[in-house]
Amino acid sequence: MRLIASDIDGTILGHDGKISPRTIRAFRAAADAGVEIVFVTGRPPRWLDPLREQIGHTGMVICSNGAVVYDLVSERVTSSHLLPLASVLQAREIIKELVPDSVFAVETLDGFHLEPGFLEPGALDLLAHITPAPLQETVTAKSAVVKLLAVTRGSSADAFLAKVRPSVDRLLAVTHSAAVTAMLEMGPHGINKAVTLADYAASRGIAARDVVAFGDMPNDIEMLRWAGAGYAMASGHERARAATALQAPDFSDDGVAQVLEARLAGLTKA
């Protein structure tokens with residue numbers, strides 16, 4: 001185990017925004033043992049405070065499902081994969097026709113743009129400062145777009161994905177990671193958590209066989225399959241669990257910490 005790659009939401013971070021003390025101790029013990037740690041998330045760079053404040057992580061974070069690599073030491077984007085605005089707007093129109101109640105948002109390197117109705121009452125305070133407006137008014141050709149998001153209140157995320165993927169797949173890669181909300185995340189073709197993680201590991205001279213990865217949702221599947229030891233959370237999505245032979249205990253039971261503790265014990269004995 002030379003590198004730990006972990007998803008954040010639903011894997012180590014709860015809906016209350018907290019990482020358990022046991023999980024924090026496990027990551028710190030791994031770092032003290034010389035194991036490199038990189039977090040791999042659908043979150044944008046602006047939403048990484050739990051890593052800074054609770055774990056004290058100062059390394060690299062792969063954000064926006066692989067579209068962005070962010071350095072928490074220098075607080076800067078080190079690489080990114082952008083979406084053509086024309087593809088984003090065309091995908092929006094296709095989805096809107098297929099699922100008329102769909103509402104959209106766009107993640108850029110500089111901020112978040114959302115349409116009226118995208119947020120439910122009581123949604124994340126992180127977005128409370130944003131004034132909703134039609135994407136055509138706030139996103140321009142100069143916008144560095146890394147992700148298109150779509151939500152519907154009329155179905156599940158899996159049903160929403162099955163409905164729209166055949167029609168938009170030629171334009172954007174589609175996945176989802178929200179446990180409850182029917183929200184799709186769309187990014188550049190050929191880019192996902194696994195692709196960017198593999199590039200990062202190679203730059204550090206680390207092979208896939210020496211990587212331990214954790215995830216809980218469909219956007220983690222490629223990463224779990226690529227890593228030498230990919231652990232799906234027992235509390236995660238059924239497709240994530242089916243993607244790998246290894247399973248970590250439930251999030252509520254500090255599943256990631258349990259696996260890391262056992263693996264670190266093995267390193268000590270070796």
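Here's a quick tour of the helix packing, the nonpolar cores and a handful of individual residues in this structure. Keep in mind that the model is predicted. The largest nonpolar core has 34 residues, and a second, separate core has 23. Helices H3 and H5 pack at an angle of about 135 degrees, and two non-glycine residues worth a look, Asn65 and Asp254, have a positive phi.

**The H3–H5 pair**

- Helix H3 covers residues 85–98 and helix H5 covers residues 157–168; their axes sit 10 Å apart, at that angle of about 135 degrees.
- Angles over 145 degrees count as roughly antiparallel and 65 to 115 as roughly perpendicular, with the rest in between called oblique, so H3 and H5 are oblique to each other.
- The crossing of H3 past H5 is right-handed.
- On the H3 side, the contact is made by Ala91, Ile94, Ile95 and Leu98, while H5 brings Phe160, Lys163, Val164, Ser167 and Val168.
- Sorted by class, that contact has 7 nonpolar residues, 1 polar and 1 charged.

**Two residues on H3**

- Ile94, part of helix H3, has a relative accessibility of 17%, so it counts as buried.
- Across to H5, the C-alpha atoms of Ile94 and Val164 are separated by 8.1 Å, with their positions 70 residues apart along the chain.
- Setting aside neighbours within four places in sequence, Ile94 is in contact with Ser167, Val168, Arg170 and Leu171.
- Ser87 also lies in helix H3, and at a relative accessible area of 15% Ser87 is buried too.
- Beyond four places in sequence, the contacts of Ser87 are Leu171 and Leu172.
- For a sense of distance, Ser87 and Thr181 are 94 residues apart along the chain, and their C-alpha atoms are separated by 24 Å.

**The nonpolar cores**

- As background, nonpolar side chains in soluble globular proteins tend to be buried together.
- In the largest core, the residues that touch the most other members are Ile4, Ile12, Phe27, Phe39 and Phe214.
- Helices giving two or more residues to this core are H1 (21–32), H2 (49–55) and H9 (255–269).
- Strands doing likewise are S2 (36–40), S3 (60–63), S4 (68–71), S11 (211–215) and S12 (229–233).
- H9 gives the most to this core, with 5 residues.
- Phe39 has a long contact list once neighbours within four places are left aside: Ser6, Ile8, Ile12, Phe27, Leu51, Ile55, His57, Met60, Val61 and Ile62.
- Among the members of the second core, which is separate, are Leu85, Val145, Phe160 and Val174.

**Positive phi without glycine**

- Most residues other than glycine have a negative phi.
- Asn65, however, has a positive phi of about 60 degrees.
- Asn65 is placed in the loop between S3 and S4, and with 10% relative accessibility Asn65 counts as buried.
- Asp254 also has a positive phi, of about 55 degrees.
- Asp254 is in the loop between strand S13 (246–248) and H9, and at 18% relative accessibility Asp254 counts as buried.

**Other loop residues**

- Thr41 lies in the loop between S2 and H2, and its relative accessibility of 1% makes Thr41 buried.
- Not counting neighbours within four places, Thr41 is in contact with Asp7, Ile8, Asp9, Leu48, Val61, Ile62, Cys63, Ser64, Asn65 and Lys193, so one of those partners is the positive-phi residue Asn65.- Gly56 is found in the loop between H2 and S3, and at a relative accessible area of 40% Gly56 is partly exposed.
- Gly56 and Ile24 are 32 residues apart in sequence, and C-alpha to C-alpha they are 8.9 Å apart in space.
- Beyond four places in sequence, Gly56 is in contact with Arg28 and Leu51.
- Ala178 has its place in the loop between strand S9 (173–175) and strand S10 (182–187), and with a relative accessible area of 16% Ala178 is buried.
- Apart from neighbours within four places in sequence, Ala178 is in contact with Met183 and Met217.
- The C-alpha atoms of Ala178 and Ala262 are separated by 29 Å, and the two residues are 84 apart along the chain.

Terms used: Residues numbered from 1 in each chain as written. Predicted model: local features only at pLDDT ≥ 70, side-chain atom pairs only at ≥ 80, totals over all residues. Heavy atoms only, no water. Axes fitted to C-alpha atoms, helices over the stretch in contact; angles between N-to-C directions. Helix = DSSP H or I, 4+ residues; strand = E, 2+ residues; numbered from the N terminus. Parallel < 35°, antiparallel > 145°, perpendicular 65-115°, else oblique. Left-handed = near helix turned anticlockwise from the far one by under 90°. Contact = heavy atoms within 4.5 Å. Nonpolar A, V, L, I, M, F, W, Y, C, P; charged D, E, K, R; others polar. Core = buried A, V, L, I, M, F, W, Y, C linked by side-chain atoms within 4.5 Å. Buried < 20%, exposed > 50% of the residue type's maximum accessible area, 1.4 Å probe, protein only.
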